[in-house]
Each structure stands twice: as structure tokens, then as C-alpha cells.
Amino acid sequence: MRQQLEFLETDYDKEKAINIEKSIKDQVSKKSKLENENNSIKNLPGIILNDIPVEYMDDNFNVAIKEVIDKFKSDIKELIKKQTMKNSEEIKNIVIEIKALKEDSDYKKFQDFKAKTPQLDKIDSDINNEEFNLSERKKLENKLKNEKSNINSLCTQMYDLLTTGNDTVKILENDNLKFKYNLRFNFNEIKDLFANDFKTSSKSYKIVAQGMLKDLEEESKNLNDQINDFYNTMRNILNMDDKRDAFRKGKNIHILLNDLMAVELLKYDYSIFYNNKDFNQMSEGKKAFVLLLLKLKIENNDMPLLIDQPEDELDNRSIVNDLVELLRKQKEYRQIILVTHNANIVIGADSEQVIIASEKDGANSQKEKFHYEGGSLENNEVRGKICEILEGGKDAFKKRENRYNFKDPRQEALKN
């Protein structure tokens with residue numbers, strides 16, 4: 001159509017005619033402004049004189065002031081006359097210029113062409129609009145193409161992040177202690193989110209959804225297969241040309257991505273075993289011991305260690321077999337300072353230095369509220385204090401020993 005129009009217009013200079021038409025419009029606009037200005041200034045004397053108080057215009061008022069006002073009125077009228085004459089002369093010149101412009105042969109042919117084809121202006125305008133819209137659409141298509149490229153890149157990065165870990169990782173496994181974590185895909189939350197945002201039974205959704213997300217039923221797949229299902233589904237959704245049929249009313253891709261940001265895609269399940277027993281099945285005291293053991297295994301060997309009553313809620317067998325053995329090994333690498341009320345720990349762990357704390361009461365006469373004294377296990381006085389405080393004294397210790405009636409194997413052998 002545009003080529004046909006251009007063919008019809010080849011017998012005159014269209015560009016020149018269009019420029020003339022623009023000049024005429026500019027001159028007409030200028031002429032209109034000058035005419036409006038003349039109409040406005042003609043009313044100016046009346047407006048100004050209305051602002052002068054009536055008494056100043058009275059013949060009986062001061063003659064000098066009245067003369068000034070009359071002179072002012074005369075000057076205003078003269079200025080207005082000069083300006084209107086100037087504007088009128090300019091308007092006259094404009095009219096002549098417009099008339100001359102309209103006499104141009106190319107302009108006349110252009111106007112004749114427009115008069116004979118009144119529909120062509122509209123067609124030409126529509127073509128210009130369509131060309132503009134086409135250009136804008138191409139820009140949007142290029143922008144969409146770049147956005148899809150960025151989205152695919154982000155999807156790939158997300159996939160790489162999700163697949164960096166193994167299903168199960170053993171962090172520690174020695175001395176009867178096993179510590180590991182299991183990594184799993186958070187299917188239940190993803191299932192609820194998809195069911196809330198998508199029309200999961202629609203054809204559009206079924207086309208883009210992959211694997212376990214198609215029917216939202218968790219399959220017995222390994223972690224990488226589940227991640228692949230999620231990754232491929234999200235990539236398909238983000239690259240859909242028309243996403244409206246897949247989403248529920250009021251939902252869209254932006255809401256989905258925002259919802260996903262609040263979901264922890266991967267869950268970590270930690271498990272600890274000691275002597276093949278699950279940490280969660282242990283007593284509180286045993287748990288505390290295992291956590292202490294775990295802490296000692298993970299930390300640097302040469303770090304000092306302070307412990308407050310590690311025997312709490314541990315039976316004496318565990319204290320002797322586990323805790324005491326641990327302390328004896330650890331003291332080779334680090335300094336250990338602990339508070340205890342258990343004789344097995346003090347004696348069994350072969351303490352290097354024992355500090356005895358006693359509180360002031362009627363049985364002692366020290367001035368301070370707490371009194372401290374110490375020494376090694378080789379010190380008789382220290383051993384006596386330990387026996388008194390932790391065993392209840394020698395008599396109590398002997399009674400328990402007699403009650404148990406333990407026999408010395410060597411003496412039994414001598415009797416035989």
C-alpha cells in the first residue's frame with residue numbers, strides 16, 4: 001500500500017510540500033496569538049483605570065494628582081495604539097506570506113492529491129502506527145528472548161547448587177561414634193505449593209510437569225532424580241509462552257517464584273549412633289556424653305576443655321567404661337578442668353591436680369564462705385578429703401566394700 005501511495009505522489013516534491021504545510025500551520029498559529037494579544041491589550045486601559053480610586057478622578061481632587069493620572073491614561077492609550085498597530089502590521093505580513101506559500105506548485109499538487117484521496121491520510125497514519133507497533137513488538141521479542149536466556153541460566157545455576165551434595169555424607173566414624181547426615185528433597189512442601197498455585201489437572205500443567213510433579217505423587221527415586229524432575233518442570237514453566245492456562249485464578253509466575261523463595265528445597269536429617277545405638281533413643285545423660293565426645297572429636301586436640309559435672313544422669317558403668325576412658329585419652333592432648341561429685345571420675349581418670357571446695361558451716365572455722373585446698377592423688381590428706389566428700393568417709397567406703405563381699409582372686413588361689 002505504501003509503495004502504491006508513493007507511486008501516485010511522484011510528480012511533485014512531497015517533502016517540500018509537507019514542509020510548506022508545516023510552515024503555514026506555524027504562521028497561522030502565530031497570527032492567532034497576535035490577534036488574541038490585540039484583543040487583550042484593547043481592554044487594558046479600562047482594567048488599569050478601574051484600579052484607581054474614584055476620589056482621585058473627581059474634579060475637586062488635587063489638581064497635580066489629577067494631571068498625573070490624566071497623563072498616565074494618555075500614555076497608556078498611546079502605547080496600546082502603537083502595539084496594536086505593530087501587531088496588525090505583522091498579521092498583515094503573515095497573511096501575505098501564507099498566501100505566497102499556498103501558491104507553491106508542489107504544495108497545490110499535494111493539497112489536490114489529499115483532496116482527491118481523503119482516505120489516504122488515515123491509511124498512511126495507520127501504516128505508520130503499524131510500523132511503530134511492529135518495531136516495538138520486535139524490541140519486546142528480543143527482550144523476552146534475553147529474559148528467557150537469563151532464566152535458563154538461573155535454572156542451570158539452581159540445578160548446580162541443588163546437586164552439589166551427596167545423599168548421605170559420613171562426617172565422623174570412629175571410636176564407636178558415627179555421625180552422618182541424609183539429604184532429601186522437600187517434596188511435601190513443593191507438592192502443597194504446586195497444588196495451591198497450579199491447575200494440576202489441566203492439560204497445560206501436565207505438558208510442562210515432569211516425573212513426580214506431574215501427578216504430585218512422590219516416587220521412590222533417588223535425590224538426583226527428584227531434583228531433575230523439579231529442575232525440568234521449573235524450566236518448562238518459565239519458558240512457557242502462555243502460562244495462564246496452567247495457573248489458578250489470581251496466581252502467576254511471579255507469585256510462584258515468590259512462594260518458592262520461602263521453601264527450603266533440601267532437608268537435612270542428621271543421625272548419630274554410639275555403640276550402634278541411636279542418639280534419639282538414649283537417656284539425657286548419655287546424650288550429653290555423646291555430644292561431649294562429638295565435640296572433642298571435631299575440635300582441635302590442643303584446646304583446653306572445661307566441663308561441669310559430666311556424670312549427671314549417667315550410670316556409674318557408663319562413667320567408668322565411657323567417660324573415664326575418654327578423659328584418660330583426652331588428657332594426653334589437652335588440659336581438662338572439670339567439676340564433679342563422682343569418685344570414679346577423680347580416681348579413675350587419674351587426676352593430676354585435685355582442688356577441694358568446702359563451704360563454711362558449723363563443722364569448719366574458715367573465714368571465707370568457700371575454702372579451697374588441693375594437691376595430687378599421692379597426697380594422703382587429699383586422698384582422705386576425697387574419700388570423705390565423695391565416698392562419705394572411710395567407714396562408709398568399707399561398709400560398701402564388705403557389703404559387696406568382693407573376693408580377691410589371688411587370695412582365693414592361695415587358699416586352694
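Here are some short exercises on the structure above, each with a worked solution.

Before you start, note that this is a predicted model in which local features need pLDDT of at least 70 and side-chain atom pairs count only at pLDDT 80 or more, while totals for chains, interfaces and linings use all residues. Residues are numbered from 1 along each chain as its sequence is written, and side-chain values use heavy atoms, with hydrogens and water left out.

**Exercise 1. Take stock of the chain: how many helices and strands are there, and what percentage of the residues is buried?**

Step 1. Go through the DSSP runs, counting helices (H or I, at least four residues) and strands (E, at least two), numbered from the N terminus. You end up with 16 helices and 8 strands.

Step 2. Call a residue buried under 20% relative accessible area, exposed over 50% and partly exposed in between (1.4 Å probe, protein chains only). Of the 416 residues in the chain, 27% are buried.

Step 3. Now take contacts, meaning heavy atoms within 4.5 Å. Among those with a separation of 6 or more, 64% join residues 24 or more positions apart.

**Exercise 2. Describe the largest pocket: what is its volume, and which residues are closest to its centre?**

Step 1. Set up a 1 Å grid over the protein atoms alone; a pocket is an open set of points with protein on both sides within 12 Å along at least five of seven lines, and lining residues have an atom within 4 Å of a point. Grid points are joined across faces, edges and corners, and the volume is the space filled by probe spheres set on the points. For the largest pocket, that gives about 870 Å³.

Step 2. The lining has 25 residues, and L338, T340, Q353, V354 and I355 are the closest to the centre. Two or more lining residues come from each of β6 (336–339), α13 (343–348), β7 (354–359) and α14 (380–390).

Step 3. Sort the lining by type, with Ala, Val, Leu, Ile, Met, Phe, Trp, Tyr, Cys and Pro as nonpolar, Asp, Glu, Lys and Arg as charged, and the others, Gly among them, as polar. The tally is 16 nonpolar, 5 polar and 4 charged.

**Exercise 3. Work out where E313 and D350 lie.**

Step 1. As background, most residues other than glycine have a negative phi. E313 has a positive phi, near 60 degrees, and D350 has one of about 55 degrees.

Step 2. E313 is in the loop between β5 (305–308) and α12 (316–330), and D350 is in the loop between α13 and β7.

Step 3. Check the accessibility: E313 is exposed at 62%, whereas D350 is partly exposed at 34%.

**Exercise 4. Compare I98 and K42: is each one buried or exposed, and what does it touch?**

Step 1. I98 belongs to helix α4 (residues 63–102) and is buried, with a relative accessible area of 9%.

Step 2. Leaving out residues up to four places away in sequence, I98 touches I24, Q27 and V28. Q27 is 71 residues from I98 in sequence, yet their C-alpha atoms are 7.0 Å apart.

Step 3. K42 belongs to helix α2 (residues 14–42) and is exposed at 56% relative accessibility. With the cut of up to four places applied again, K42 touches I80 and T84. K42 and T84 are 42 residues apart along the chain, with 8.1 Å between their C-alpha atoms.

Definitions and conventions
1 Å grid on protein atoms, 1.4 Å probe; cavity = no way out; pocket = protein on both sides within 12 Å on 5 of 7 lines; lining within 4 Å.
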